[in-house]
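Student: I should like to take a close look at a single part of this model, namely the strands and the side chains around them. Would you please guide me through that part in one connected account?

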Amino acid sequence: MKFDNMRLWVFLLIAVFSGTFAHAKMDGDSLLIQQGVASFYGKKFHLRKTSNGEVFHMDSLTAAHKTLPFGTVLKVTRVDSGRSVWVKINDRLPKYSKRIIDLSRAAATQLDMILDGVAVVKLEVVELEVIDTLIEYYGEEKPPSIRLRPIATAINFYKPIPDWFILPDLTIINRPL
């Protein structure tokens with residue numbers, strides 16, 4: 001009888017914890033591609049053409065980057081405050097720039113960096129497929145400052161309990177031995 005009770009408890013523990021471990025969890029920085037200093041630009045370049053041919057508007061959520069392809073959408077997060085903004089790359093930074101990204105005035109306002117002028121930020125991509133696209137884009141010529149590595153998609157081995165499965169009656173626990 002004791003052996004059956006122990007098997008029952010083991011079964012219950014496995015049933016409870018198997019649902020907990022069944023879902024794969026992504027690390028918080030798994031989509032992080034770069035971290036460094038950001039600045040912003042505004043009035044001087046307002047209504048001028050950007051490197052990709054678009055007209056720059058300081059009130060739009062855009063940015064300039066040294067190497068990321070035009071049209072790449074990034075989440076820019078200020079490290080010290082945790083504030084973030086989504087921007088689209090539409091311009092180029094000079095190769096010799098020590099900053100990793102130049103944000104439009106609107107994006108800098110959302111990150112609350114207008115008074116500071118510069119801030120330490122981290123750049124993250126929207127989804128895993130963007131990382132694969134960037135790996136393809138750069139090929140073997142990936143800039144050393146950008147963190148790109150293929151991420152395998154997790155396989156979910158969780159199987160729902162069938163409807164016909166009924167848990168055994170647990171009233172045996174309260175019965176005297």
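Tutor: A residue is called buried when its relative accessible area is under 20% and exposed when that area is over 50%, with partly exposed in between. Val 118 has a relative accessibility of 34%, and therefore it counts as partly exposed. Please keep in mind that the model before you is predicted.

Val 118 lies in strand β6, which covers residues 118-125. On the surface, Val 118 joins Val 37, Val 79 and Val 120 in a nonpolar patch. Together, these four residues offer about 260 Å² of accessible area.

To place this strand, consider the whole chain. The protein chain contains three helices and six strands. Read from the N terminus, the order of its elements is α-β-β-β-β-β-α-β-α. The chain has 177 residues, of which 32% count as buried.

Let us now turn to strand β4, residues 84-92, and its partners. Strand β2, residues 62-65, runs parallel to β4 and is joined to it by four bridges. In this pairing, His 65 is placed opposite Arg 92 of β4. Strand β3, residues 73-78, pairs with β4 as well, but in the antiparallel sense and over five bridges. Here Thr 77 faces Ser 84 of β4 as its opposite residue. Strands β3 and β4 form a hairpin with five residues between the strands. In that hairpin, Gly 82 adopts a positive phi near 80°. As a general point, side chains in a regular strand alternate between the two faces of the sheet.

Arg 92, already met opposite His 65, has a further contact to examine. The charged end of Arg 92 sits over the ring of Phe 70, at 4.3 Å from the ring centre.

Aromatic rings may also be considered in relation to one another. In general, such a pair is described by the distance of the centres and the angle of the planes. Rings pair if their centres lie within 6.5 Å, and planes over 60 degrees apart count as edge-to-face. By this rule there is one aromatic pair. Its members are Tyr 137 and Tyr 138, whose ring centres are 5.1 Å apart and whose planes stand at 75°, so the pair is edge-to-face. The accessibility of each tyrosine can be judged by the cut-offs given at the start. Tyr 137 is partly exposed because its relative accessible area is 45%, whereas Tyr 138 is buried because its relative accessible area is 9%.

How values were computed
Residues numbered from 1 in each chain as written. Predicted model: local features only at pLDDT ≥ 70, side-chain atom pairs only at ≥ 80, totals over all residues. Heavy atoms only, no water. Patch = residues over 30% accessible without salt bridge, like charges linked within 9 Å, V, L, I, M, F, W, Y side chains within 5 Å. Areas by Shrake-Rupley, 256 points an atom, 1.4 Å probe, with all protein chains shown as cover. Salt bridge = Lys/Arg side-chain N within 4 Å of Asp/Glu carboxyl O. Helix = DSSP H or I, 4+ residues; strand = E, 2+ residues; numbered from the N terminus. Buried < 20%, exposed > 50% of the residue type's maximum accessible area, 1.4 Å probe, protein only. Pairing = 2+ DSSP bridges. Phe/Tyr/Trp six-rings, centres within 6.5 Å; stacked < 30°, edge-to-face > 60°. Lys NZ or Arg CZ within 6 Å of the ring centre and 35° of its normal.
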